[in-house]
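Colleague: Hi! Could you walk me through this structure?

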Amino acid sequence: MAVDLGTGDGRAVLARASAQPGELVVGIDASAAGMVRASRRAAASLAHGGLPNARFLVAGLESLPEDLSRYADLVTISFPWGSLLAAAVGQAPALTGRIVRLLRPGGTLRMIVSASPRDAGRGLAEVDLGAMASTYEELGMWSAASRAATSDDLAAAHSSWAKRLATSPRRSAWLTELRLPPAPAGRA
């Protein structure tokens with residue numbers, strides 16, 4: 001199962017569900033309004049035999065159902081803001097832990113984060129990759145990659161924010177990939 005947190009318009013969910021028909025892909029966002037179009041497109045596609053593996057859930061990070069804990073092989077977060085941004089960059093450790101709890105052993109968290117000048121008031125004008133990695137390491141994850149996001153990374157996010165960011169020389173984006181260690185042999 002793949003989970004896209006802060007899915008917004010849901011394009012990433014639809015793209016992944018189409019590319020990976022054997023995988024359940026769940027888009028989660030606190031705003032139902034942002035996901036309406038994507039969920040309608042998934043339902044219309046389902047009526048014609050396509051995308052039975054795309055689902056959408058309205059929930060904030062603070063209110064994720066415990067039933068989702070330890071099910072995801074992959075969690076993606078692209079261009080978060082608000083409390084999800086603070087959690088993603090490790091500045092809200094309790095919420096960061098809720099992200100990690102979605103992953104099953106061996107699972108991967110892949111994030112593309114960008115902070116704009118307006119985020120400076122919340123201390124997020126620059127993303128401190130080292131501090132972010134430390135927060136996740138304390139939660140049992142290890143850093144697999146942390147670097148400036150490329151244009152290919154932005155395109156792969158399937159997001160309208162990614163399109164805007166690709167044309168904005170004033171904003172930077174960082175790609176971070178973290179992993180939970182696999183379960184010890186004999187445990188699932």
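Colleague: Thanks! How many helices and strands does the protein have?

Modeller: Seven helices and seven strands. Keep in mind that this is a predicted model.

Colleague: Good to know. In what order do the elements run from the N terminus on?

Modeller: The run is β-α-β-α-β-β-α-α-β-α-β-α-α-β.

Colleague: And what sort of sheet do the strands form?

Modeller: An open one with mixed pairing, in the order β3-β2-β1-β4-β5-β7-β6. The edge strands, each pairing on one side only, are β3 (54–58) and β6 (142–148). From one strand to the next, the twist averages 15 degrees.

Colleague: Let's zoom in on β5. How many bridges join strand β5 to strand β7, and do these run parallel or antiparallel?

Modeller: There are six bridges, and the two strands run antiparallel. Strand β5 covers residues 103–113 and β7 covers residues 174–179. To pick out one pair, Ile112 has Leu175 in β7 as its bridge partner.

Colleague: Which strands does helix α5 touch?

Modeller: Helix α5 (residues 129–138) packs on the sheet and touches β5, β6 and β7. Its direction makes about 20 degrees with that of β7.

Colleague: What about α4, which strands does that helix lie across?

Modeller: Helix α4, residues 93–101, lies across β1 (2–5), β4 (72–78) and β5. Relative to β5, α4 runs at about 125 degrees.

Colleague: Now a single residue. Where does Thr108 lie, and is Thr108 buried or exposed?

Modeller: Thr108 lies in strand β5. Thr108 counts as buried because its relative accessibility is 11%, and buried means under 20%.

Colleague: Which side chain does the side chain of Thr108 join in a polar contact?

Modeller: That of Arg179, through a polar contact of 3.2 Å.

Colleague: And which residues is Thr108 in contact with, leaving aside neighbours within four places in sequence?

Modeller: Asp73, Leu74, Val75, Leu103, Glu177, Leu178 and Arg179.

Colleague: Switching topic: how many cavities of 30 Å³ or more does the structure hold?

Modeller: One. The largest cavity has about 50 Å³ of space.

Colleague: Which residues line the largest cavity?

Modeller: The lining is made up of Leu64, Pro65, Glu66, Ser69, Arg98, Arg101 and Leu102.

Colleague: Last one, on the whole protein. What share of the residues count as buried?

Modeller: Of its 188 residues, 46% count as buried. As for contacts with a separation of 6 or more, 76% are between residues 24 or more positions apart.

Terms used:
Residues numbered from 1 in each chain as written. Predicted model: local features only at pLDDT ≥ 70, side-chain atom pairs only at ≥ 80, totals over all residues. Heavy atoms only, no water. Pairing = 2+ DSSP bridges. Helix = DSSP H or I, 4+ residues; strand = E, 2+ residues; numbered from the N terminus. Axes fitted to C-alpha atoms, helices over the stretch in contact; angles between N-to-C directions. Contact = heavy atoms within 4.5 Å. Buried < 20%, exposed > 50% of the residue type's maximum accessible area, 1.4 Å probe, protein only. Polar contact = N/O pair within 3.5 Å; in protein donor to acceptor, adjacent residues only side chain to side chain. 1 Å grid on protein atoms, 1.4 Å probe; cavity = no way out; pocket = protein on both sides within 12 Å on 5 of 7 lines; lining within 4 Å. Points joined across faces, edges and corners; volume = space filled by probe spheres on them.
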